[in-house]
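Welcome! Here is a short briefing to help you find your way around this model.

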Amino acid sequence: MGLFNFFKKEKKKNTANLAKERLQILIAHERTDKSQRSPDYLPKLRDELVEVIRKYVHVSDKDVNVSLEKCDDFDTLELNITLSDKVD
Amino acid sequence: MSKVIVVTSGKGGVGKTTSSAAFSAGLAARGHKTAVIDFDVGLRNLDLIMGVERRVIYDFVNVINGEATLKQALIKDKRVDNLYILPASQTRDKDALNKEGVESIINELKADGFEYIVCDSPAGIEKGAFMALYFADEAIVVTNPEVSSVRDSDRILGILQSRSKIAEDGGSVKEHLLITRYSPDRVEGGDMLGMDDIVEILSIPLIGVIPESGTVLQASNSGNPVIMDKESTAGQAYEDVVSRFLGEDIPLRFVDVEIKKKGFFQKIFG
């Protein structure tokens, strides 16, 4: 190492370290994000359920609510259908 | 027993096709019957990198559609025995590839005695990339020491772990990290992510580090897999990758800064 490098090093930024830190935070975030996100099939499941229910009762799209909740060692698939009071 | 290996990355331009060409040529040169398949439908380039572009008559999609037999479409390499190339189609039809078609081709190759089937994935996470990795037993994830490439590699690793056939059946694809375009000088200078950092972030085993080298461009210019250039550092590094893949335990080369002789004044003033 040269004599001047000793002083120069102080000023020079180590961008590789910065890259590593940013990636570690980002990737940790993206990995947890993915495991918590609702599965891809939920919207389609919901649409198909609405279709089946419509064969028997009249419900609008917003009356059917499907959600997946993660508990410690099991998942709950919750299906909520609001039937209107109106008699057809 | 045949093995299906996908060469993938997520990001484009990191060296998937260069690596597929070198890796498959290296396996074949050691006596293993190897097929390399280009999955980049619509943008085929493996044929060009391997120097067989003028010998393409039938392609991957022709075989899937029954317009040609696999034997007719496979191009036998003239330099290396045991090496066969299956080019991609130039069709713009996105649905040209399907699971059944790809599976039947892979099964036919296995029945024909191919030991290694290397699948050169297109960039992205669309259908072509998905088809390339779906039947894989092992994956070589090509990564550049650069933030966007590392992030995309992590995405592809997630897809390998959740959407490949092995993963669907409850198993896991064996993953290998291949770092390409590595410059030890720039790592030392703090401008480039070091290989240890990349391994730490992605946490998969390293199969090799290919140094940045002008010979890679020269090799693609002339249509020869860079592994055939025995003088070049990149070619030698690919040889090491093949050795490690086949189970040899050998140290990494070309990952440290070359010690250059400095003059007296350079030594003092840096």
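**A strand and its neighbours**

In β6(B), the residue V141, written B:V141, sits opposite B:T8. The model you are looking at is predicted. The points below start from this pairing, then turn to a pocket and the cavities.

**Strand β1 of chain B**
- Strand β1 of chain B covers residues 3–8, and five of its six residues are buried, so this strand is mostly covered.
- β1(B) runs parallel to strand β6 (residues 138–143) of chain B, and four bridges join the two.
- Strand β5 (residues 116–120) of chain B also pairs with β1(B), in the parallel sense and over five bridges.
- In that pairing with β5(B), B:V4 stands opposite B:I117.

**The second largest pocket**
- This pocket holds about 550 Å³ of space.
- Its lining is made up of 27 residues, and those nearest the pocket centre are B:G13, B:V14, B:G15, B:K16 and B:T18.
- Eleven of the lining residues are nonpolar, ten are polar and six are charged.
- Chain B elements that each supply at least two lining residues include α1 (16–29), β7 (174–182) and α11 (214–222).

**The cavities**
- Three cavities of 30 Å³ or more are found in the structure.
- The volume of the largest cavity is about 40 Å³.
- Its lining consists of B:I125, B:E126, B:A129, B:F130, B:L133, B:I156, B:I159 and B:R163.
- Two or more of these lining residues come from each of α6 (127–134) and α7 (147–163) of chain B.
- The lining of the largest cavity has six nonpolar residues, two charged ones and no polar ones.

Key:
Residues numbered from 1 in each chain as written. Chains lettered and ligands numbered in written order. Predicted model: local features only at pLDDT ≥ 70, side-chain atom pairs only at ≥ 80, totals over all residues. Heavy atoms only, no water. 1 Å grid on protein atoms, 1.4 Å probe; cavity = no way out; pocket = protein on both sides within 12 Å on 5 of 7 lines; lining within 4 Å. Points joined across faces, edges and corners; volume = space filled by probe spheres on them. Nonpolar A, V, L, I, M, F, W, Y, C, P; charged D, E, K, R; others polar. Buried < 20%, exposed > 50% of the residue type's maximum accessible area, 1.4 Å probe, protein only. Pairing = 2+ DSSP bridges.
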